[in-house]
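Student: I would like a close look at one part of this chain. Please take a single helix together with what surrounds it, and set it in the context of the chain.

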Amino acid sequence: MTSSPRDVRIASCVQPFGPALDGYRYHFVHLPGAAAREEIAALRGWLSAAMTGERPRTQR
């Protein structure tokens, strides 16, 4: 699904899924087996740290 500037301007965009829930929830989605890859683990760690306000751990 894509939105054009016109869609946004005339407010024709709608919420595609059920009611909004309080709070935040994120899911890090990747291909099966990709979690073991160093770059995927680093990205996941960085995202997690950014969301919690912690400093990311470096692997080097």
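Tutor: What follows goes through the second helix, its neighbours, and the surface beside it.

The model is a predicted one. The chain contains 2 helices and 0 strands, and α2 covers residues 38-52, with α1 at 5-9. α2 is made up of 15 residues. From its first C-alpha to its last, α2 reaches 21 Å, close to the 21 Å expected at 1.5 Å a residue. Just after α2 comes Gly53, with a positive phi of about 85 degrees.

Two residues of the helix show how α2 sits against other parts of the chain. Ile40 is a member of α2. Ile40 counts as buried because its relative accessibility is 17%, and the limit for that class is under 20%. Leaving aside residues up to four places away in sequence, Ile40 touches Phe28, Ala34 and Ala35. The C-alpha atom of Ile40 is also 8.4 Å from that of His30, a residue 10 places away along the chain.

Leu43 belongs to α2 as well. An α-helix has 3.6 residues a turn, so residues three or four places apart point the same way. Leu43 has a relative accessibility of 38% and therefore counts as partly exposed. Between the C-alpha atoms of Leu43 and Phe28 the separation is 9.7 Å, and these two residues are 15 apart along the chain. Phe28 thus appears twice in this account: as a contact of Ile40, and as the partner in the C-alpha separation given for Leu43.

The charged pair comes next. Glu39 forms a salt bridge with Arg37, and the closest N and O atoms are 2.5 Å apart. The count of salt bridges comes to 1. Glu39 is partly exposed because its relative accessibility is 45%. Arg37 is likewise partly exposed, since its relative accessible area is 42%.

There is also a nonpolar patch on the surface. Tyr24, Tyr26 and Met51 make this patch, which has an area of about 470 Å². Tyr26 is located in the loop between α1 and α2. Tyr26 counts as exposed because its relative accessibility is 58%.

Finally, the chain as a whole. Of its 60 residues, 5% are buried, and Ile40 falls in the buried class because of its 17% relative accessibility. The accessible surface of the chain amounts to about 6200 Å². Carbon and sulfur atoms account for 56% of that surface.

Key:
Residues are numbered from 1 along each chain as its sequence is written. This is a predicted model: local features need pLDDT of at least 70, side-chain atom pairs count only at pLDDT 80 or more; totals for chains, interfaces and linings use all residues. Side-chain values use heavy atoms; hydrogens and water are left out. Patches are made of residues with over 30% relative accessible area and no salt bridge: like charges are joined within 9 Å, nonpolar side chains (Val, Leu, Ile, Met, Phe, Trp, Tyr) within 5 Å. Accessible areas come from the Shrake-Rupley method with a 1.4 Å probe; for residues, only the protein chains shown count as cover. A salt bridge is a side-chain nitrogen of Lys or Arg within 4 Å of a carboxyl oxygen of Asp or Glu. Helices (H or I, at least four residues) and strands (E, at least two) are DSSP runs, numbered from the N terminus. Buried means under 20% relative accessible area, exposed over 50%, partly exposed in between (1.4 Å probe, protein chains only). The expected span of a helix is 1.5 Å times one less than its number of residues. Contact means heavy atoms within 4.5 Å.
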